[in-house]
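Open the structure in your viewer and keep the selection tool at hand. We will go stop by stop.

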Amino acid sequence: MKKLILVTVLILIFGYPVSYYLSSETIETKVSDKERITTSEDGDIESKFLVYAEDEVFENTDSWLYFKFNSADVQNELELGETHIIKVAGWRVPFFSWYRNVISVD
């Protein structure tokens, strides 16, 4: 039983980052809109950027796995009405309001 718990914990610790990293792809899409969403809970303010493209909505947040800490700069590079080649990672899960994350813009 202890081995099963250990294996499950290891899969959760290492499986998610590996699968997230492997889920990345480069796509070409036209940006129709973008915005910053800010939420506050008990004095803690959090924000994230959203990018609305022709077929999908993307999140633009920092990512430790990709050593991406320039979300504001990436958001600024995305021009409305223009077609961009972007690298994205993650999964779109509408039930949890999860979006694929913009990693970089070419």
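The tour below starts with the whole chain and then moves from one selection to the next.

**Stop 1: the whole chain**

Show the chain as a cartoon. This is a predicted model. The chain has two helices and five strands. Follow the sequence, and the order reads α-β-β-β-α-β-β. Along the principal axes, the C-alpha atoms fill a box of roughly 55 × 35 × 25 Å.

Now turn on the surface. The accessible area of the chain is about 7600 Å². Carbon and sulfur atoms hold 58% of that area. Of the 106 residues in the chain, 30% are buried. Contacts across the sequence matter for the next stops. Among contacts with a separation of 6 or more, 54% are between residues 24 or more positions apart.

**Stop 2: helix H1**

Select residues 2–22, which make up helix H1. Phe14 is found in this helix. Is Phe14 buried or exposed? Phe14 is exposed, and its relative accessible area is 52%.

Next, add Met1, Leu4, Ile5, Leu6, Val9, Leu10 and Ile13 to Phe14. Together these residues form a nonpolar patch on the surface. The patch has about 840 Å² of accessible area.

**Stop 3: strands E1 and E2**

Select 25–41 for strand E1 and 44–53 for strand E2. The two strands pair in the antiparallel sense. How many bridges join E1 and E2? There are ten bridges. For one pair to pick out, show Glu35 and Leu50, its bridge partner in E2.

Then zoom in on the turn. E1 and E2 form a hairpin, with two residues between them. Asp42 sits in that turn and has a positive phi of about 55 degrees.

**Stop 4: strand E4 beside E1**

Keep E1 and add 83–89, which is strand E4. E1 and E4 run antiparallel, with six bridges between them. Glu25 has Val88 as its bridge partner in E4.

Stay on Val88 and show what surrounds this residue. Leave out the neighbours within four places in sequence. Val88 is then in contact with Ser23, Ser24, Glu25, Ile27 and Phe58, among others. The list also includes Arg100, Asn101, Val102 and Ile103.

**Stop 5: the nonpolar core**

Which residues make up the largest nonpolar core? Select Ile27, Val31, Val51, Ala53, Phe58, Val74, Leu78, Ile86, Val88, Val102 and Val105. That is eleven residues. Strands E1, E2, E4 and E5 (100–105) each give two or more residues to this core. Val88 from the previous stop is one of the core residues.

While the strands are in view, recall one general point: in a regular strand the side chains alternate between the two faces of the sheet.

**Stop 6: the salt bridges**

Now turn to charged side chains. Side chains of opposite charge can pair when their charged atoms come close. The count here is three salt bridges.

Start with Arg100 and Glu25. Their side chains meet in a salt bridge at 2.5 Å, N to O. Arg100 is in strand E5 and Glu25 is in strand E1, so this pair ties together parts 75 residues apart in sequence. Arg100 counts as buried, at 12% relative accessibility. Glu25 counts as partly exposed, at 37%.

Keep Arg100 and add Glu56. This salt bridge has an N to O distance of 2.9 Å. Glu56 is in the loop between E2 and E3, 44 residues from Arg100. Both Arg100 and Glu56 are buried. Through shared partners, salt bridges join Glu25, Glu56 and Arg100 into one network.

Move on to Glu59 and Lys48. Their side chains form a salt bridge at 3.8 Å, N to O. Glu59 lies in strand E3 (residues 57–60) and Lys48 in strand E2, so the pair ties together parts eleven residues apart in sequence. Glu59 is buried, with 17% relative accessibility. Lys48 is partly exposed, with 26%.

**Stop 7: the loop between E4 and E5**

End at Val93. Where is Val93? Val93 is in the loop between E4 and E5. At 23% relative accessibility, Val93 counts as partly exposed. For a last distance, pick the C-alpha atoms of Val93 and Glu41. They are 23 Å apart in space and 52 residues apart in sequence.

Note on methods:
Residues are numbered from 1 along each chain as its sequence is written. This is a predicted model: local features need pLDDT of at least 70, side-chain atom pairs count only at pLDDT 80 or more; totals for chains, interfaces and linings use all residues. Side-chain values use heavy atoms; hydrogens and water are left out. Patches are made of residues with over 30% relative accessible area and no salt bridge: like charges are joined within 9 Å, nonpolar side chains (Val, Leu, Ile, Met, Phe, Trp, Tyr) within 5 Å. Accessible areas come from the Shrake-Rupley method with a 1.4 Å probe; for residues, only the protein chains shown count as cover. A salt bridge is a side-chain nitrogen of Lys or Arg within 4 Å of a carboxyl oxygen of Asp or Glu. Helices (H or I, at least four residues) and strands (E, at least two) are DSSP runs, numbered from the N terminus. Buried means under 20% relative accessible area, exposed over 50%, partly exposed in between (1.4 Å probe, protein chains only). A nonpolar core is a set of buried Ala, Val, Leu, Ile, Met, Phe, Trp, Tyr and Cys residues joined through side-chain atoms within 4.5 Å. Contact means heavy atoms within 4.5 Å. Two strands pair if DSSP finds at least two bridges between them.
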